[in-house]
Amino acid sequence: GATTHTANNVLVGNGTSAVGSVAPSTSGNVLTSNGSSWASTAPAGGLTRSATVATTSGTSVSITGIASGTNVIHAAFDSVNTVAGDILLFQIGDSGGIEVASYGGSGLQFDGASSMLDSADGTDSMAGITIPRTNRAVWGIFTWVKVDTYDWICSWTMWANSGVEPEVTWGGGKKTLSGELDRVQLTTLGGTTTFSSGQLNVVYG
């Protein structure tokens with residue numbers, strides 16, 4: 001057999017043939033099995049970032065193409081606002097489209113005048129997760145986490161600033177989909193109010 005072995009290579013058995021080896025290759029690589037052999041490969045990616053979509057017109061914005069097997073989604077709201085102070089509505093969906101029923105959840109808004117506003121009912125018959133706010137742009141993160149095959153729970157915390165009385169809105173909810181989640185949509189509770197500023201994207205993994 002061989003009397004020398006390349007420095008830092010990993011020995012790999014090869015039955016009755018000569019012993020093989022795997023070189024380290026690129027910095028940061030890991031030793032990966034494909035079920036029958038080993039290779040030096042780049043590690044699986046962490047979170048994937050979607051394209052950013054503008055929330056400057058229209059009555060809804062969607063992000064599609066979220067990969068199968070996703071377990072968590074973080075949606076980033078950057079100065080999102082509408083032409084009127086309608087409550088925002090966040091929805092999720094699968095290959096059958098955005099689901100518009102059977103969400104459960106509620107939220108609270110705290111304004112600078114030390115008053116509270118409940119977003120909507122907390123039943124299981126909502127058209128989406130409602131984000132309470134007055135006619136002000138919001139910045140913050142809305143997170144969905146998969147807890148079972150098609151069962152998702154969510155929470156959010158966002159900040160709005162009018163320049164006079166800053167607001168904070170937060171809450172949580174749940175939704176069971178019919179299939180694998182692959183899309184999200186932001187609209188308003190009435191569904192007819194036009195977006196006027198900001199942008200939205202998601203990171204998922």
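# Patch, core and salt bridges

User: Which residues make the nonpolar surface patch of about 400 Å²?

Analyst: In this predicted model, a patch member has over 30% relative accessible area and no salt bridge, like charges being joined within 9 Å and nonpolar side chains (Val, Leu, Ile, Met, Phe, Trp, Tyr) within 5 Å. Areas follow the Shrake-Rupley method with a 1.4 Å probe, only the protein chains shown counting as cover for residues. Strands β11 (104-110) and β16 each contribute at least two residues. The patch consists of L108, F110, W159, V168 and W170.

User: What pLDDT must side-chain atom pairs have to count?

Analyst: Numbering starts from 1 along each chain as its sequence is written, and side-chain values use heavy atoms, with hydrogens and water left out. Totals for chains, interfaces and linings use all residues, local features need pLDDT of at least 70, and side-chain atom pairs count only at pLDDT 80 or more.

User: How does L108 count at 32% relative accessibility?

Analyst: L108 lies in strand β11; strands (E, at least two residues) and helices (H or I, at least four) are DSSP runs numbered from the N terminus. Buried means under 20% relative accessible area and exposed over 50%, with partly exposed in between (1.4 Å probe, protein chains only). At 32%, L108 therefore counts as partly exposed.

User: Which element gives the most to the largest nonpolar core?

Analyst: A nonpolar core is a set of buried Ala, Val, Leu, Ile, Met, Phe, Trp, Tyr and Cys residues joined through side-chain atoms within 4.5 Å. The largest one has 30 residues, and F77, F90, F142, W144 and L186 have the most contacts inside it. Elements giving two or more residues include β8, β14 and β18. With five residues, the top contributor is β15.

User: How many bridges join β8 to β18?

Analyst: Two strands pair if DSSP finds at least two bridges between them. β8 (residues 72-82) pairs antiparallel with β14 (residues 138-146) over seven bridges, and V80 faces V138 there. With β18 (residues 195-204), F77 of the core has L200 as its bridge partner. β8 and β18 also run antiparallel, and the number of bridges joining them is eight.

User: Which side chains of β7 are buried?

Analyst: In a regular strand, side chains alternate between the two faces of the sheet. Along β7, S62 and T64 point to one face and are not buried. Those pointing to the other face are buried, namely V61 and I63.

User: Where is R136, the partner of E167 in a salt bridge?

Analyst: A salt bridge is a side-chain nitrogen of Lys or Arg within 4 Å of a carboxyl oxygen of Asp or Glu, and the whole structure has four. In the R136-E167 pair the closest N and O atoms are 3.0 Å apart. E167 is in strand β16, 31 residues away in sequence, so the pair ties together separate parts; R136 lies in the loop between β13 and β14.

User: Is E167 buried or exposed?

Analyst: Its partner R136 has a relative accessible area of 16% and is buried. E167 has 4%, which means that E167 is also buried.

User: What distance separates the C-alpha atoms of L177 and E99?

Analyst: L177 is in the loop between β16 (167-176) and β17 (183-188), and at 5% relative accessibility L177 counts as buried. Beyond neighbours within four places in sequence, L177 is in contact (heavy atoms within 4.5 Å) with I92, G93, D94, E99, Y150 and W152. L177 and E99 are 78 residues apart along the chain, yet their C-alpha separation is 7.4 Å.
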